[in-house]
Amino acid sequence: MSPSNVATTDTLKQAGKVIAVHINYPSRAAERGRTPEQPSYFLKPGSSLALTGGIVERPAGCELLGFEGEIALIIGKTARRVSIEDAWSYVGGVTASNDLGVYDLRWADKGSNLRSKGGDGFTPVGPAILNAADVDPAALRVRTWVNGTLAQDDTTADLLFPFAQLVADLSQLLTLEPGDMILTGTPAGASVAVPGDVLEIEVDVPGTDKTTGRLTTTVTEGTTALATFGAQPKIDDKQREEAWGSAEKAGLAPQDSQEPASALTPELKAKLESVATATLSSQMRARGLNNVSIDGLTGTKAGRKVVGTARTLRFVPNREDLFKSHGGGYNAQKRAIDSVRDGEILVMEARGEKGTGTLGDILALRALHNGAAGIITDGGVRDYSTVASFDLPVYCANPHPAVLGRKHIPWDTDITIACGGATIQPGDIIVADDDGIVVIPPAIAEELVQACIVQEHQEEFIAEMVKAGHGVDGLYPMNAAWKEKYEAWAAEQA
């Protein structure tokens, strides 16, 4: 097939199959809170296809018509059991599409999406078709506008499943024929359209004149009720939240989190920031905790006190066959960076391996954007000078120019790990300053910091006495006589 440069009714008629991918963009995976290990698909009927400039009905009685801007691949020649290396040559054209669907009917056809995604006009495509041979499938951009306001904007540079993999994968069990279409997933920002909204989607190659133009669809309100002998619209707040993209966008009060509240309250954080790691270390030692310091690392921000809750990432030694399956795409490292949140510290287990980087400037920038309090790795850091320039404290063994694949495979996240000779669990409280990094079990944090405050107050008194010329014998630590003098001094300070 050699597609024309404009989608026409003939284009729609040639589409014997319309296959859609569930989740393929890292941004969408993060938004949904789940990342598939393999691509999964559903079919849309050919009768759902429509051209630009048309209208789509939100079915009568339905509330949640979701839009999803996507890139559609048009198969150019018969593909059966093709390899990933050859798969792109079987794609004839690339165009814009909108994977519309009503969340109100998702319950009725779990898995197939037939009624929720298969309505007439629910798959507009076009207007122009780019020749696949003229574009790099990893250099495309898809954008969506709602009433002129940009709602989605992402590229194909870092897909979970590259386009060639989708074509090759599907061809293993079914024959892809000329004209068949593959909708390749939507990025973050998909949401709900209401009657009167104008939806526009464009696929282009940034920096060039290659573009599909804007695929335009206007939403109208259906007037014919669904027959009572079939499934009826049914929604709840969970569906509203998924359709809109968040509880806030759906106008709902945030749902109670299923995860326990962090032990690091603002009040506790302020107290921990007021005491030195040296004091914390001595108080933990007094409680029998001797192996709670992350050793051998250097920070990028001298003089900065860092307090946060631990998130964890583990690297295992590189093995080429395992790196092939776990090292590419949206791997554990990228998932950890993408999911770290405000006030959290990502701690990486790199086995003390200094011969490669475990973090670079792009991922550090993403962690900074997400509000991370810091990053700790007992391995190397690439792009060190750039990373050090960010307003993000990073602790590492050393700079190193090599990528992590030289020594590591990113394996798993949010598990118990070892870093710099210490054991760290997700949710542990991390405190770092120029003296070092300590790991605090959350259960003892409040009692521990209160003891540290008392200790530092006592040491302030001791320092004053030493400055006044007193010897340290009996003063440091204080004997009964000095304790009595301290109590009197403390009363005066109150």
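Two strands pair if DSSP finds at least two bridges between them. I keep that rule at the top of the page, since strand pairing comes up below. I also note that this is a predicted model.

**Entry 1: the whole protein**

I began with the overall counts. The protein has 14 helices and 29 strands. Its C-alpha trace spans about 95 × 50 × 35 Å along the principal axes. I looked up burial next. Of the 494 residues, 49% are buried. The exposed area comes to about 22500 Å², and carbon and sulfur atoms supply 52% of that. Then I turned to contacts between residues at least 6 apart in sequence. Of these, 77% join residues at least 24 apart.

**Entry 2: strand β29**

Which strands pair with β29? I found β28, residues 429-433, joined to β29 by 5 bridges. The two run antiparallel. A hairpin of 2 residues links β28 to β29. I also found β17, residues 293-294, which pairs with β29 over 2 bridges. This pairing is antiparallel too.

I then looked up single bridge partners. A432 has I437 of β29 as its partner. I294 has I437 as its partner as well. So I437 takes part in both pairings.

Is β29 enclosed or open? I counted its buried residues, where buried means under 20% relative accessible area. The strand covers residues 436-440, and 4 of its 5 residues are buried, so β29 is largely enclosed by the rest of the structure.

**Entry 3: helix α5**

I moved on to α5, residues 163-171. How many of its 9 residues are buried? I got 7, which leaves the helix mostly covered. The buried ones are F163, A164, L166, V167, A168, L170 and S171.

What covers them? My list includes the strands β1 (18-21), β2 (41-44), β6 (69-75), β7 (91-98) and β13 (181-183). Helix α3 (84-87) is on it too.

**Entry 4: helices α7 and α13**

Last, I looked up a helix pair. Helix α7 holds residues 266-273, and α13 holds residues 445-467. They pack at an angle of about 35 degrees, with their axes 10 Å apart. The crossing is left-handed.

Which residues meet here? From α7 I wrote down L268, K271 and L272. From α13 I wrote down A445, E446, V449, Q450 and I453. By class, the contact has 5 nonpolar, 1 polar and 2 charged residues.

Terms used:
Residues are numbered from 1 along each chain as its sequence is written. This is a predicted model: local features need pLDDT of at least 70, side-chain atom pairs count only at pLDDT 80 or more; totals for chains, interfaces and linings use all residues. Side-chain values use heavy atoms; hydrogens and water are left out. Axes are lines fitted to C-alpha atoms, for helices over the stretch in contact, and angles run from 0 to 180 degrees between N-to-C directions. Helices (H or I, at least four residues) and strands (E, at least two) are DSSP runs, numbered from the N terminus. A crossing is left-handed if the near helix is turned anticlockwise from the far one by less than a right angle, and right-handed if clockwise. Contact means heavy atoms within 4.5 Å. Ala, Val, Leu, Ile, Met, Phe, Trp, Tyr, Cys and Pro count as nonpolar, Asp, Glu, Lys and Arg as charged, and the others, Gly among them, as polar. Buried means under 20% relative accessible area, exposed over 50%, partly exposed in between (1.4 Å probe, protein chains only). Accessible areas come from the Shrake-Rupley method with a 1.4 Å probe; for residues, only the protein chains shown count as cover.
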